[in-house]
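Student: I should like to examine this structure step by step. May we begin with the surroundings of the ligand?

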Amino acid sequence: MKTRITELLGIEYPIIQGGMAWVAEHHLAAAVSEAGGLGLIGGANAPGEAVRDEIRKARKLTDKPFGVNVMLMSPYADDVAKVIVEEGIKVVTTGAGNPEKYMDIWKAAGVKVIPVVASVALARRMERYGADAVVAEGCESGGHIGEQTTMTLVPQVADAVEIPVIAAGGIGDGRGIAAAFMLGAEAVQIGTRFVVSEEAVVHENYKQRIIKAKDIDSAVTGRSHGHPIRCLRNEMTREYVKMEAEGKSFEELEYMTLGALRRAVQEGDVARGTVMAGQIAGLITKEQTCKEMIEEMMAQAKTLMKRD
Ligand code: TUI
């Protein structure tokens, strides 16, 4: 399935992987790229040198293109932005902010820049600043989210910009891919489903929590202080939401979740940790390789899109 995104990125299938903090490390990125999608290393809150190390490890596992996601709220975002250029990375996605200040150095180095946006305004602005494409991410996504749903955001962004649009949020199978294309997207970004891939180095408890999740198991913490994070309901989210209702300060709430994502991903603490996942978790029923996931999703999407 050729689109402007498969051409732009030199990939076989119009699927890019989400740049998930603590999850999107070199094994996952290399596996998604090897399977014909675009794998990404998630910069998250890691220092530049740690990201460089991940890039070099991914290169040992694949000759195919892969990218880096820069989490713009990270204190190390400037360092990571430089490492990307030094390491000759060809594709960058950004999240949780506005990447304008890095656009010139990346464009000068021939890096394709794909900001993740949660609004039409930012999509337009990114196009003006020279973005090659945008990811329009709806609030069905896991992690840091905006306000609009994928269903409403993607067609509005597709109408507002000339550059290609990648849909994200709530996509976990071929039906979601076909739907995204109907909304005007030319590729999709998938996160939650890849968390349960065999190649993802994620604690088994985390994978099982996603596999067992029901449709209604999703919660959003942090709305009251303007940093909404979607994750799966557990002891931590119940306590957090209660503290938010009591009007606890941002600092107190932050303290409670400090390191909570790492504890869930690496130590498997799915009761007190932050189990970031999208609303599509309820659809995900099994662990598979990235190749199996991508081929299954693409076969289903192609069948649906050919139907008359
Ligand atoms: O970035 C994400 N998802 C993420 S980042 C992350 S790591 C993290 N951990 C703890 C606390 C906070 C973050 C986990 N999940 N998705 C892309 C995304 N970007 N969604 C929404 C946005 C966004 C929101 C507002 C982008 C720009 C923006 O405004 C920028 C501006 O200046 O207008």
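Student: How many Å lie between a backbone N or O atom of A96 and a nitrogen atom of the ligand?

Tutor: The model is a predicted one. In it, A96 is among the closest of the 14 residues that surround the ligand. A polar contact requires a pair of N or O atoms within 3.5 Å. The backbone N or O atom of A96 and the nitrogen atom of the ligand are separated by 3.0 Å.

Student: Which residue places a polar backbone atom 2.9 Å from a nitrogen atom of the ligand?

Tutor: E137 approaches a ligand nitrogen through an N or O atom of its side chain, at 3.0 Å. The contact at 2.9 Å, by contrast, involves a polar backbone atom, and the residue is H144.

Student: What percentage of the accessible area of the ligand does the protein cover?

Tutor: On its own, the ligand has 720 Å² of accessible area. The shell around the ligand consists of 8 nonpolar, 5 polar and 1 charged residues. The share of the ligand's area covered by the protein is 70%.

Student: Which element gives the most residues to the lining of the second largest pocket?

Tutor: This pocket holds about 350 Å³ of space. Its lining has 17 residues, with W22, E25, G42, A46 and E54 the closest to the centre. At least two lining residues come from each of β2 (39-42), α3 (48-61) and α13 (260-267). The element that gives the most, with 3 residues, is α3.

Student: How many residues apart in sequence are the parts that E147 and R223 tie together?

Tutor: E147 and R223 form a salt bridge, with their closest N and O atoms 3.8 Å apart. E147 belongs to the loop between β7 (143-144) and α7 (150-160), and R223 to the loop between β10 (218-221) and β11 (229-232), so the pair joins parts whose separation in sequence is 76 residues.

Terms used
Residues numbered from 1 in each chain as written. Predicted model: local features only at pLDDT ≥ 70, side-chain atom pairs only at ≥ 80, totals over all residues. Heavy atoms only, no water. Near = heavy atom within 4 Å. Polar contact = N/O pair within 3.5 Å; in protein donor to acceptor, adjacent residues only side chain to side chain. Areas by Shrake-Rupley, 256 points an atom, 1.4 Å probe, with all protein chains shown as cover. Nonpolar A, V, L, I, M, F, W, Y, C, P; charged D, E, K, R; others polar. 1 Å grid on protein atoms, 1.4 Å probe; cavity = no way out; pocket = protein on both sides within 12 Å on 5 of 7 lines; lining within 4 Å. Points joined across faces, edges and corners; volume = space filled by probe spheres on them. Helix = DSSP H or I, 4+ residues; strand = E, 2+ residues; numbered from the N terminus. Salt bridge = Lys/Arg side-chain N within 4 Å of Asp/Glu carboxyl O.
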